[in-house]
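Please look over the sequence and the structure shown here before reading on, and keep both in view as the paragraphs lead you from the whole chains to single residues.

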Amino acid sequence: MLAFLVRRIAQIVPTLVFVSMLIFGLQQLLPGDPAVVLAGEDRDPNVVAYLREKLHLDEPLPMRYLYWINGVLHGDLGESLRMQKPVLALIMEKLPVTLELASIAILIALAIGVPAGIVSAVRRNTAWDYVANGVALWGLSTPNFWLGIMLILLFSVTLGWLPASGFVSPFEDLKANLAALIMPAFVLGNAIAAVLMRHTRSAMLQVLSSDYVRTARAKGLPERAVLLKHALRNALIPVITLGALELGTLLSGAVLTEQVFTIPGFGKLIVDAVFNRDYAVVQGVVLFTATAYILLNLLADIAYVIVNPQMRVQ
Amino acid sequence: MSNLADTLPARTDVSRAAPRAHPFRRLLRRRGAAVGLVVIAFFVVLAVLASFVSPYDPLATSWSAIRKAPNSAHWFGTDEIGRDVLARVIWGARASLLAGVVSVLISLSIGVPVGLLAGYAGGKTDMLISRLTDAVLACPFLILAIALAAFLGPSLTNAMIAIGVSATPVFVRLTRGQTMAIKAEEFILAARAIGNPPWRVALRHVLPNVVPALIVQATLAIAAAVIAEASLSFLGLGQQPPAPSWGSMLNTAKNYVDNAPWMAVWPGLSIFVLVLSFNLVGDGLRDALDPRQV
């Protein structure tokens, strides 16, 4: 286990270095003098001079990268020119909103995806299977921002049951908080439910054809016990670890969902930064997201080894 | 976008495959895939013949027809400045299909040679390419595309480049995985044994066997690229107004959802139907090209 951990961590170090180079390199895509572009429409000479010095633009590119990565390693992701705040502080301010949205979305995705996958595998090639596959295809093909607009039309405009947009802190009013988040969380969970359903179906089909399930059936266990106690437990191992990799879908989806429902989270931060030409925030958000994704991948791998005895032996 | 490297087994030499029905015929036997193909063909015809089939100029405004509900003159209704929604949906198909196909071509043109090199050369080259691929894959697809589009500047061309570059790692991984598996086959050893140079073995013997998996992944990637283009245009980073695009139409429509819902229904439905069709064809192709199905 320790050897696995060391090997896996040794693997992610170069990946993290490349990620940082890639994100630093984004700045080089800006047309013209980065200091002038980053200074915004006013192009105040003082701001331009300040940026040139702060970004070490007179130095060669490798040196500039070293200055930048040194700052990053000390928690300095740059400063938002528009909001006059450190990027990391902005991310930390917006992150809880997105995390709450993402957590509810995952619960919804699990509640739809896993049962649909089980039913689809157990009732293979029946109407249930076709319906579950249809639901998965629907989830994978629906643009979530459109689904969001359609849900607003139905539940906010037509029925008047839920607020169309906005966010209320759970510490202020929990009921209003849930009412504001249920639609965006469903929109976000929809696509992930489809992926989970496909993973669960495929894992269940594999497990159901294994010898120990046949043995469980042969010794007369009720089908319910065979499915839930023996098959599902093992089938869920890859589902949960593969599901962890859906963080990317979740964060990408959050960008659009937060835009549709005007939720002041992580996703809205990057979109607002793009339109305000606040490039340090864009870089900071991408770097933060990528690092979180890599670390979550690592955790998923470790969890997989812990729960899967075969992997431990290997 | 899912990676097919783990789901599709490496193909053996195409010419030596067991006799079976032609993959295209097997694809057409799957009802979902056949319907998907028909729908895609319909959208392609619509996009190509937009100037002939569109009932109105998609940019023509009419102050007397602002936000009119669907009627006999405007089947899909009109938008906030009196433009015909049907005309804009038809012209929007061009942007979506163009973005879908061009961005996947960008991904293929970078991903396949790089993946082939990594898989065939192995060693340090493979390690370097794999770590670079991991780095790009670590950035969520749409977030990377947004960042690239933001730094390159908002336009349909830059959106296509951003989507293409962001989707490239999937093709690198797929090509690499398939190449590594095929490299160990006997017919490759034979090709090397008779003195073929490495580039010839890679291009003439390995690449043709990677193509089926690439076709499946490319079809599914077009579906993802269509959604990505619509997403970028929805955020204002893709096709710029007043040029029609399904994503930008939805961006405007969200402000009028209470009094002109038709503005949102049709472009969204078009994205859904087109993406669903590509997914159906992709799933059908995966089954039709998978040797385990024989």
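**Two chains, from overall form to single residues**

In chain B, among the contacts with a separation of 6 or more, 73% are between residues 24 or more positions apart, where two residues are in contact if their C-beta atoms, placed from the backbone, lie within 7 Å. This is a predicted model, in which local features need pLDDT of at least 70 and side-chain atom pairs count only at pLDDT 80 or more, while totals for chains, interfaces and linings use all residues. Residues are numbered from 1 along each chain as its sequence is written, and chains are lettered from A and ligands numbered from 1 in the order in which they are written.

Chain B holds eleven helices and zero strands, where helices (H or I, at least four residues) and strands (E, at least two) are DSSP runs, numbered from the N terminus. Its C-alpha trace spans about 75 × 45 × 30 Å along the principal axes, and 52% of its 294 residues count as buried. A residue is called buried if 20 or more other C-beta atoms lie within 10 Å of its own, exposed if 12 or fewer, and partly exposed in between, with the C-beta atoms placed from the backbone.

Chain A, by its own count, has 14 helices and two strands, and its C-alpha atoms fill a box of roughly 80 × 60 × 35 Å along the principal axes. Of its 314 residues, 40% are buried, and of its contacts between residues at least 6 apart in sequence, 70% join residues at least 24 apart. The mean pLDDT of chain A is 86, with 98% of its residues reaching 70 or more; pLDDT is the predictor's confidence in each residue, from 0 to 100. Among the elements of chain A, helix H7 has the highest mean pLDDT, 94, and helix H14 (residues 309-313) the lowest, 62. Where pLDDT is low, the predicted coordinates should not be read in detail.

How many residues does each chain bring to the contact between them? Chain A brings 37 residues and chain B brings 36. On the side of chain A that touches chain B, at least two residues each come from several helices, including helix H1 (2-26), helix H7 (144-158) and helix H13 (279-307). That side of chain A has 30 nonpolar, seven polar and no charged residues, where Ala, Val, Leu, Ile, Met, Phe, Trp, Tyr, Cys and Pro count as nonpolar, Asp, Glu, Lys and Arg as charged, and the others, Gly among them, as polar.

The largest nonpolar core, meaning a set of buried Ala, Val, Leu, Ile, Met, Phe, Trp, Tyr and Cys residues joined through C-beta atoms within 7 Å, has 177 residues, and those with the most contacts inside it are B:Ala145, B:Ile146 and B:Val226. Helix H9 of chain B gives the most to this core, with 20 residues. Leaving aside neighbours within four places in sequence, B:Ile146 is in contact with A:Val255, A:Ile270, A:Val274, B:Leu232, B:Leu235 and B:Leu237.

A second residue to follow is B:Ala253, which lies in helix H10 (residues 246-253) of chain B. B:Ala253 counts as buried because 24 other C-beta atoms lie within 10 Å. With its neighbours within four places in sequence left aside, B:Ala253 is in contact with A:Ile149, B:Met263 and B:Ala264.

The backbone also deserves a look. Most residues other than glycine have a negative phi, and most peptide bonds are trans. The peptide bond from B:Pro241 to B:Pro242, however, is cis, with omega near 10 degrees, and B:Pro242 lies in the loop between helix H9 (198-234) and helix H10 of chain B. A:Asn125, which is not a glycine, has a positive phi of about 60 degrees and is placed in the loop between H5 and H6 of chain A. Is A:Asn125 buried or exposed? A:Asn125 is exposed, because 8 other C-beta atoms lie within 10 Å. B:Arg67, in the loop between helix H3 (50-53) and helix H4 (85-121) of chain B, has a positive phi near 50 degrees, and B:Arg67 counts as partly exposed because it has 15 C-beta neighbours inside 10 Å.
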